[in-house]
Amino acid sequence: MAEEHQGEWGALSPIIQEHINFTMKRYRETGSVFKSIVAKIGFFPYMECLGKVLMDQDWNRLNNLIYQENCFRSLCSLMCGDTHYWAFLEMLEALAVGNMKTLDLLVPQKTEPVNHIFPVYRPATDLLIGLWRKDNSVLDYAVPRAKKFVCGKRPQWERATIAYLLAMYDKNPKEAGVQLGLLCKGVMRADFDVDTDKTLFVPAHGLYQLAACLWDKELFQQLPMPDHKIFSKEYAVWRNTQKVHPELFAKYPEPMINNVLVNPEIEMLEPNK
């Protein structure tokens, strides 16, 4: 099988083939896609592939690579815990690549009284619920709390994320652009992974795509892209000038694995998971 995919993955073939072999082994042992993927941190070799795929500037392959990583991470978020608020970054990553089915599963319908959560995720998710669900009652609750958060002392990337969402609420593209740039700068000073997030910060692209989804074309075109190395302007242009239909970067011999990754509700409905 390695020879079969050599042309498809090139220099990445050994890495991808090792991942597929391990996944198939785990699936045969557990009979569950979810139980297969939680056995190893960094399960999908996104980190090992990102630099090469970025260098090739094949934006469809890049989108598919991020999409597959998002499918894995989102499935874990959907299957674990009693709240999806922890999955705020996965929501943004889903927006970035057009994983809309999973996004709709991740974004709660209403605000939840969550406790013991990373501070920015609560106001950020509340704002995202209100904006995405177009729920003014949620926004009436979330906006004052978000403004208070922005005036606090949390790290820059957290405050910039909330300020960007507030600028979206205010339909202020200039301010949104400023905050997206500050977010990228703040990420470089925060505890994010050097080989992934500090190479391409996908959640920033998710915030950019949120505006593409919710604003009209004229307003969206006024939103400046950040001049920063962890935001790819070329990828963003491709993303908004093509009809994007994300697919798995690497498919598995077992069809159920592919099916569950792109339709996570299948695994969610299975008993005794």
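Buried here means under 20% relative accessible area. By that cut-off, eleven of the 15 residues of helix H10 are buried, so H10 is largely enclosed by the rest of the structure. The model is predicted. H10 also gives the largest nonpolar core its largest share, eight residues.

**Helix H10 (156–170)**
- The end C-alpha atoms of H10 are 20 Å apart, which agrees with the 21 Å that its 15 residues should span at 1.5 Å a residue.
- Its buried residues include Trp157, Glu158, Ala160, Thr161 and Met168.
- The buried residues of H10 pack against H6, H8, H9, H11 and H12.
- Lys171, just after H10, has a positive phi of about 55°.

**Largest nonpolar core**
- This core holds 56 residues, and Leu127 and Leu183 touch the most other members.
- Two or more residues come from each of H6, H7, H8, H9, H10, H11, H12 and H13.
- H10 supplies eight residues, the largest share.
- Beyond neighbours within four places in sequence, Leu183 is in contact with Trp157, Ala160, Thr161, Phe201, Ala204 and Leu207.

**Second core**
- A separate core has 39 residues, among them Met24, Phe44, Leu62 and Val260.

**Helix H12 (202–214)**
- H12 reaches 19 Å from first C-alpha to last, close to the 18 Å expected for its 13 residues.
- Ten of the 13 residues are buried, and H12 is mostly covered.
- The buried set includes Ala204 and Leu207, and both are in contact with Leu183.

Note on methods:
Residues are numbered from 1 along each chain as its sequence is written. This is a predicted model: local features need pLDDT of at least 70, side-chain atom pairs count only at pLDDT 80 or more; totals for chains, interfaces and linings use all residues. Side-chain values use heavy atoms; hydrogens and water are left out. Helices (H or I, at least four residues) and strands (E, at least two) are DSSP runs, numbered from the N terminus. The expected span of a helix is 1.5 Å times one less than its number of residues. Buried means under 20% relative accessible area, exposed over 50%, partly exposed in between (1.4 Å probe, protein chains only). A nonpolar core is a set of buried Ala, Val, Leu, Ile, Met, Phe, Trp, Tyr and Cys residues joined through side-chain atoms within 4.5 Å. Contact means heavy atoms within 4.5 Å.
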